[in-house]
Structure formats: structure tokens, C-alpha cells
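This report goes through salt bridges, one helix and the contact between two chains. It is written to be read alongside the sequence and the structure shown here.

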Amino acid sequence: MSLFEMVVTPGSVDTLFYIGSMLLRIVIIFGVIMLHVAYASYFERKTIGHMQVRMGPMVVGPRGLLQPIADGIKLFFKEDIIPAESDKPVFYIAPIISLFAALSSLAVVPLFNGFVIANINIGLLFILAMSSLGSYGIIMAGWSSNSKYSFLGGLRSSAQVISYEIAMGLSLVGVMMLAGSLNLTEIVKAQERYPLNMFLIPQIVGCFVFVIAAIAETNRAPFDLPEAESELVAGYFVEYSGMRFGLFFVAEYMAMIIMASVGIVCFLGGWNPPLSILEIPYVPFAWFFIKLYILIFIYFWVRATLPRYRYDHLMSLGWKVLIPLALANIVITAIVKVLL
Amino acid sequence: MLAEGIFAYLAAAIIVLSILVVTRRNPVHSVLLMLLLFFHIAALYLTLDAEFLAAIQVIVYAGAILVLFLFVILLLNLKEEMVVSRYIGPWPLGLMAALGLLFMITLSLRSFVAGPSGQITAALIKTETHTKVLGKILFTEYIYPFEIVSMVLLVAIIGAIVLAKKKLRS
């Protein structure tokens, strides 16, 4: 019975219980992910600091552990500056759309077997739809600020997001074909038949395309051209300050966590351990989070290692390398699936 | 009761948003209202158990086509609305045409007959999931129309490339 039917059917006994358990899950997932967002920024600064032989944040709290909280409080109490020539309603709504798009994708990500807010049949398509909605926040922020830097940043970002969305969608088609479902829980369960409980080995090409596309889709280094500070100051959110800037910041880290979660669910076997000996008892979500931390670390590692791409290189990589590669992966997967 | 209420809200919102889209002076605002409109249409599909269609509506229309609209508008950089002479002369003529059309539609609505029910029923969609049913029927019964549509789209893509590359050859 879907939620819609539950609400629509009058006198449904379970309705209240259902809504209550739903709200509880929403609160838990929201709290956990917000904490992860805050400490992802700390983890990033520490990782990059140590890679560049620095200490990273050390002042606030023991070993700088309270730094994200101090940053949050600072952003919250900063003055909110709005450009006089900006398009006010669009300027106000842009960061909210960015955050909304990132947050709503969380609803379909299964943290462990059965623990998901909405177990819908089109989970993967829902995530693709929400990530395409995210580009609106960026375009609208860039346009409404009425500033050349933010406008160029917005245009770049949206062109990049649209191009890499195609590669990302195509790279996931192989997973859909192997799993025979778009439901994220079903996809994880389908991987139990494969080595290491993962689609990683049969879908290595798809995984390669997905990881690159996910980095570009979230506008992270080395594809962080929308925020190229040497040419565009800060890109699309250059005119934003205070908490409105904070919302963009949270949305970016949230999008990273969601892309990593999709990678885990589709290629790395979700909550299942790679070998059954390694199963951690009584903590069903342990492997999901271990995999999440590894992927997030790879994000930061790539950022600390690689220089920024040039814009035309970025476009030709997306259209001339990743999309043909993903298409070839689909054809080969289909042939192998028919033959076996 | 609640299902009808949701439908009534969606229908009313779609009509109001459509009117707002065509009456805004700022084209960017029009596009953003259209985005909201597409989401309401997707919700309408959801109430009909057509979840695949709803997702595609958002991915293709909201995520791709509308962004292209936005690109074109932003690149044109319209400071104010262009003033173009009307296609049809006096407004009473247009109003008459619109009212005539409305009259015809209301007349034809009376002779509306529900089509014969086929093999794909709401119950089947619920057990098989919408995506599977749609995929099966699209790639078996409607494979020729599907291929023809694909060819038409391919022609359009090649045409766009030819137009864009024209300068390089000469």
C-alpha cells in the first residue's frame, strides 16, 4: 500500500502509525546527514591540510573538532547582504531550491535493509530527476544576482551539470539492466549474487564513468570551474552572504554525500559487506557508512591532487569520452546478459 | 474524497500557473513558473499510478528542455520584452475564435465515450510496476512506431550538426 493510498483510504488503521514511523525516519536521517555535512567540511580541511603538510583547523576545540559548529554559528549571525539590482524573489528562492533538491534525494536512499523513507519503484530515476532540479538553483542564483561573475559561473555550472547528467544516467543503465529494477533496495539485493557483493567488477566501466560524472555533477575539483576563484571570484554564489551562502554550502556537501550514496547502492553493494566474514554484527548500517567515508575521502584526495580542468577539455571529456564509453558499456552488458 | 481534492488542487494549480506563464513580462520568471507547472503535471501522473511517466516528465521536460529554454533566454539577454505587432488584428476577433473553440469542445465532450478496456488494467500496473508494463508494450507491440520516432530524432540531431558545422566547410 503506497503512502498516497494510505492517506486517501478513509479509516485506514495503520495511517497514524505509518506517518509516525515515517516522521521518525525523516528526523533520524536528516539529523545524521546534517552532522555528516558539518563534519565533512572538517574532514576535508584536515585531509587537504595533511596532504599539503599543514595541520588544518586546530584552534576551536581539541584538534579543531568544534570548527564546523563555530563556522555554522558564524554564518548564521552574519549580515545578510542582498544586491540592490538583484531580482529579489528569485534571489531568495535559489538557495532553497538547491538545498531542497539535495535533501529530497535522501528520501529514497536505503541505509540498510528496509530502512528507507520512501521505498519507491523508480528510486534511481527519482534521484536523477532531483539532481537535474539542482541545476536550477545554480542558474537562478547566477542570473538573479545581476553580476557578471555569478552569471558566468551559473552558465558554466548548468552547462556542465546537463552534459554530465547524460553520462551519469547512461552509466547507471548497466546497473538497471543487471538488477532488472529501478528500486534501490532491489538493486542492492541483486548484487548479492555477484563477487564481493558488488556490481563493481561486472560494471567496472560504468563505475568509472559514474565516479567522474559524479565529481563533475557536484561541481567539485578538478571540475570546479563554476567556482574557479582565479577567474570568477566564487562563481554563482559570489553575491550571497550569511546563511544564504550557508545553504549553498550545505547543498554542495549534501549533493556529494548523495552521489557517494548512489555509487554505494549501485556499484558497491550498499549495506552488504564485501565478504560475509567481515559482517559487523548488530550494526546493519556499518558497511554503508564505511563505504561512504572511503568515497568521501576519495573526493578530497582528488581535490588535493589534481589541477583544475580547462573548460573545453571538460566538455570534450564529457561528450566525446564518457558518453561513448557509457553507451558501449550498455551494449556490452546487454549482449552478455542475453548470452548468459 | 481526498483523491478528488488532490486532483482538484492539481487541475486548478495547472490552469493558474499556465495563465501566469503566458502573462509574465520577464521571460525568466515565465520559465520558472513553467518549472512549477511541470512538477504539478508530474504529480498528476503520480495520482494515476504512472510513476515512470512522472519521473520522465521531470527529467526530460524540467531537467533538460526547460534548461535549454532558460539558456536561450539568458544568452539573448532581453532587457525588456520585445514589442512585436500582433499576429491577428483586433482582439474581438481572437476572443470570438477562442469562444467558438470552447463551444465546440463542450459540444464534443457530451459525446465522449470511454474506450474499450484492454489487457493493461490498473491492477496489472500495480502488481507489475508501471515501468515494466510500459517497457514491455513499447518494445513489443509498438516497436515500429518507436523505431520511427527514434529515426526522426536522429535526423533532427544530424540536421543540427550540419547547420552548426556549415561555417567550417566553406
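A salt bridge is counted here when a side-chain nitrogen of Lys or Arg lies within 4 Å of a carboxyl oxygen of Asp or Glu. The model is predicted, so local features need pLDDT of at least 70 and side-chain atom pairs count only at pLDDT 80 or more, whereas totals for chains, interfaces and linings use all residues. Residues are numbered from 1 along each chain as its sequence is written, chains are lettered from A in the order in which they are written, and side-chain values use heavy atoms, with hydrogens and water left out.

**Salt bridges**

Over all chains, a search of the whole structure finds six salt bridges. Three of them, from chain A, are set out below.

| Pair | Closest N to O distance |
|---|---|
| Arg244(A) and Asp80(A) | 3.0 Å |
| Arg220(A) and Glu252(A) | 3.1 Å |
| Asp312(A) and Arg310(A) | 2.7 Å |

The salt bridge between Arg244(A) and Asp80(A) links distant parts of the chain, since Arg244(A) belongs to helix α10 of chain A and Asp80(A) to the loop between α3 (67–77) and α4 (88–105), 164 residues apart. Helices are DSSP runs of H or I with at least four residues, numbered from the N terminus. For accessibility, buried means under 20% relative accessible area, exposed over 50% and partly exposed in between, with a 1.4 Å probe and protein chains only. On this scale Arg244(A) is partly exposed at 21%, and Asp80(A) is also partly exposed, at 34%.

The side chains of Arg220(A) and Glu252(A) also meet in a salt bridge. Arg220(A) lies in the loop between α8 and α9 (229–232) of chain A and Glu252(A) in helix α10, so this pair ties together parts that are 32 residues apart in sequence. Arg220(A) is buried, with a relative accessible area of 3%, and Glu252(A) is buried at 14%. Both residues belong to a network of salt bridges that links them with Glu44(A) and Arg303(A). In the pair of Asp312(A) and Arg310(A), Asp312(A) is partly exposed, with a relative accessible area of 41%.

**Helix α8 of chain A**

Helix α8(A) runs over residues 204–217, and its 14 residues should span 20 Å at 1.5 Å a residue, which agrees with the 19 Å between its end C-alpha atoms; the expected span is 1.5 Å times one less than the number of residues. Ten of the 14 residues are buried, so α8(A) is largely enclosed by the rest of the structure. Among the buried residues are Gly206(A), Cys207(A), Phe210(A), Ile215(A) and Glu217(A). What covers them includes α5 (123–144), α6 (148–179), α10 (242–267), α11 (286–305) and α12 (311–339) of chain A. The helix is followed by Asn219(A), whose phi is positive, near 60°.

**The contact between chain A and chain B**

The contact (heavy atoms within 4.5 Å) takes 26 residues from chain A and 26 residues from chain B. Buried area is the accessible area, with a 1.4 Å probe, that two parts lose on being put together, summed over both. Between chain A and chain B this area is about 2300 Å², and carbon and sulfur atoms give 80% of it. Across this interface the rule finds zero salt bridges. On the side of chain A that touches chain B, the elements giving two or more residues are α1 (3–8), α5 and α6, and α5(A) gives the most, with eleven residues.
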